[in-house]
Protein chains: 2
Amino acid sequence: MNTHTPTQTAPAPSLATRFLDADAMRTLVQRIGLPGCIAGVAARIEREFLRWGDYDKSARLACHSRDGVIELMPVADERLFAFKYVNGHPRNTAAGLPTVMAFGVLADVASGAPTLLAELTLATAIRTAAMSALAARTLARPGARTMALIGNGAQSEFQALALRDLLGVRTLRVFDTDTRATDKLVANLAGEGLAIQRSASAADAARDADIVTTCTADKTRATILTPDMLAPGQHLNAVGGDCPGKTELHPEVLRRASVFVEYEPQTRIEGDLQQMPADFPVTELWRVLAGERPGRQRDDEITVFDSVGFALEDLAALAYFDEQAARLGLGQPVDLVLRAEDPKDLFGSLRGAAARLAA
Amino acid sequence: MNTHTPTQTAPAPSLATRFLDADAMRTLVQRIGLPGCIAGVAARIEREFLRWGDYDKSARLACHSRDGVIELMPVADERLFAFKYVNGHPRNTAAGLPTVMAFGVLADVASGAPTLLAELTLATAIRTAAMSALAARTLARPGARTMALIGNGAQSEFQALALRDLLGVRTLRVFDTDTRATDKLVANLAGEGLAIQRSASAADAARDADIVTTCTADKTRATILTPDMLAPGQHLNAVGGDCPGKTELHPEVLRRASVFVEYEPQTRIEGDLQQMPADFPVTELWRVLAGERPGRQRDDEITVFDSVGFALEDLAALAYFDEQAARLGLGQPVDLVLRAEDPKDLFGSLRGAAARLAA
């Protein structure tokens, strides 16, 4: 037979994946508002960190090259699998490209089908800032109002808003070796209710600040903070030291402090902690959130959150933005994987319905 | 000012990623033809395997759950980073879903920018068959014409065509515990120039075949081939044992054979090799392709290719299909990552051009 009768087969179950491309993600963040996104992601991170034991965790897979790193960050529980692709290439800006680019996927553990594909560059900045704010809320002195912000690049404004909203920071002391970066930060944060003071140096910015946030991007062993810059009772939010060979804190700073981390096996390789012996004591932050371990114990204690970024924060961000996109009707369905009419007949999917009937 | 003058900024460098969705990939394979794809991917795999030392390799990251596995498979050289997402859920077919679904990404190591996003379910079947054929060409007896094909599911026809074209197989002896799978294979391969004999059992199929291919899907420790089924000089192409707890060969089969693998550290965990002691001798296939090690040395030797699937095969497939898509003008540009006007100003990308000018 060589007729062209339409196929009678029932349609295969939909395997469409929601795709939030760069425009859709930007629109989503604009529609919710950045403060709303930061608060929403922070709440979701806290919720998932309180389920720490339910997750299958591993240190991220990093592929280092001369000018940067490309990483895959997977995590899963019984229901959701998530991973993020993210790079870090400090020299990219010279070519007009971002230092960090990211996208990620949520998948259904029961079937393996990918359900969400999303641009994650903005979401990475949001979840990093949300994580910092969650840590500071647990570790900084009550009443902390002044924050030094050292490194005024792509991550800096997100940190400022997160610490403003979740902690009550009102004054920023900002410094960057690139004064244009500071100009940009000052312009971007105008009208955001923050008093901004430009500092002449990192030491000047850090002096007597309640919180010192470092978010520098150089892929080098830098020493942004030295012990002489510290004041008793400070909380250090060390965001930029997040790769082997990329640090921001002098080792003596860590020795004088109580150090808190996201996922210890990963931070030992990537964080400022990489400078310390393998038995240097640290506390995983989830234990503090869960009430298992104390956070800050004395007013004059120096606390450090040695942040490197952990896959569970990306899962939380993906899950949050997936829900919000569904609520607001954003994103497009795409066929990221094949829908065969007969799943056991992959070969047959190469022929049209007419050819199949004619056979 | 509150005017809406269009921005004067030069456009940011394009970060568009080529997206080959399920339809585009199917069209691409149809336009080239399946035999052409198999030959093209096999040639590319061979080329990349001969550059083995240039690659940064790791065993894939596998996330096992009750009903299946989700894996991330990254690999990179100085120029290209590739990864594949792939699942394996044998029970999916009961719900009308494929057992295996896959997609992958190529990225530029110098900048970290993702350049290709592609559906890879078909491509996975193609590269698996191409890899099997490359191995058999090196390991099977010259003049091998008869192949037993045990397991007649989604991968089986691809194996048949690859071994037909790259090796000269002319007769298939086919068997599956599910006779409908065999019906489907027989119908699909009609007119492909292969004599197909239905066998009553795996033992019946394997008897005196030059090559025995096993591609079964159960996530269990199965014993598809036992020592009594073997004939001297056979080449065993063991495709289905590719997960911890998922094997196809009786350990004694491996002991009687010379065993060849893709990437030893991964195969020791995932392959039929998982049943053997850590010092059981194996040879990585690239060494045979490169002429560093012998393949088959005697006519009566039994050779085994313990195939599990390695990330470098996916990189080869991604690179091949990327070139072919460019040649044929297939795929759509998508913004998988954000293009900020000013890469140092991620925060500013949340405002429109008008808002920026008005500030």
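# Reading a predicted two-chain model

User: How far can I trust chain A? What is the average pLDDT, and what share of residues scores at least 70?

Analyst: Chain A averages a pLDDT of 91, and 93% of the residues score at least 70. Keep in mind that this is a predicted model. The pLDDT is the predictor's own confidence in each residue.

User: Where does the pLDDT fall below 50?

Analyst: One such stretch is residues 1-12 of chain A. Beyond near neighbours in sequence, residues 1-12 have 13 contacts in the model. Residues 353-359 of chain A also stay under 50. For residues 353-359, the model has 11 contacts beyond four places in sequence.

User: And the complex? What ipTM and pTM does the predictor give?

Analyst: The ipTM is 0.90 and the pTM is 0.91.

User: Now the fold. How many helices and strands does chain A have?

Analyst: Chain A has 11 helices and 17 strands. Its C-alpha atoms fill a box of roughly 85 × 45 × 40 Å along the principal axes. Of the 359 residues in chain A, 55% are buried. Look at sequence separation too. Among contacts in chain A with a separation of 6 or more, 72% join residues 24 or more positions apart.

User: How is chain A divided into domains?

Analyst: Domain 1 covers 17-122 + 312-349, and domain 2 covers 140-309. The C-alpha centres of these two domains of chain A lie 26 Å apart. Their contact takes 19 residues from domain 1 and 17 residues from domain 2. On the domain 1 side, helix H2 (residues 34-49) of chain A gives the largest share, seven residues. By class, that side of domain 1 has 12 nonpolar, three polar and four charged residues.

User: How many residues does each chain bring to the contact between chains A and B?

Analyst: Chain A brings 72 residues and chain B brings 72 residues. Helix H1 (residues 22-32) of chain A gives the most to the chain A side, with five residues. The chain A side has 42 nonpolar, 17 polar and 13 charged residues.

User: How do I read the symmetry? What turn and shift lay chain A on chain B?

Analyst: A turn of 180° and a shift of 0.0 Å along the axis do it, with an RMSD of 0.0 Å. So the relation is that of a two-fold axis. The same surface serves both copies, as 100% of the contact residues of chain A recur in chain B.

User: Which residues have the most contacts inside the largest nonpolar core?

Analyst: They are Ile126(A), Ala130(A), Ile126(B) and Ala130(B), in a core of 242 residues. Take Ala130(A) as a case. Leaving aside residues up to four places away in sequence, Ala130(A) touches Ile38(A), Val41(A), Ala42(A), Ile45(A) and Ala162(A).

User: Last, the backbone angles. What is notable about the phi of Asp208(A)?

Analyst: Asp208(A) has a positive phi of about 60°, although it is not a glycine. Find Asp208(A) in the loop between helix H6 (202-206) and strand E10 (211-214) of chain A.

User: Is Asp208(A) buried or exposed?

Analyst: A residue counts as exposed if 12 or fewer other C-beta atoms lie within 10 Å of its own. Asp208(A) has 10 within 10 Å, so Asp208(A) is exposed.

User: What is the phi of Asp208(B)?

Analyst: Phi of Asp208(B) is near 65°, again a positive value in a residue other than glycine. Asp208(B) sits in the loop between helix H6 (202-206) and strand E10 (211-214) of chain B. Asp208(B) is exposed, with 10 other C-beta atoms within 10 Å.

Terms used: Residues are numbered from 1 along each chain as its sequence is written. Chains are lettered from A and ligands numbered from 1 in the order in which they are written. This is a predicted model: local features need pLDDT of at least 70, side-chain atom pairs count only at pLDDT 80 or more; totals for chains, interfaces and linings use all residues. Two residues are in contact if their C-beta atoms, placed from the backbone, lie within 7 Å. Helices (H or I, at least four residues) and strands (E, at least two) are DSSP runs, numbered from the N terminus. Ala, Val, Leu, Ile, Met, Phe, Trp, Tyr, Cys and Pro count as nonpolar, Asp, Glu, Lys and Arg as charged, and the others, Gly among them, as polar. Domain bounds come from an automatic or database domain assignment. pLDDT is the predictor's confidence in each residue, from 0 to 100. Copies are superposed by least squares on the C-alpha atoms of residues with pLDDT of at least 70 in both. A nonpolar core is a set of buried Ala, Val, Leu, Ile, Met, Phe, Trp, Tyr and Cys residues joined through C-beta atoms within 7 Å. A residue is buried if 20 or more other C-beta atoms lie within 10 Å of its own, exposed if 12 or fewer, and partly exposed in between; C-beta atoms are placed from the backbone.
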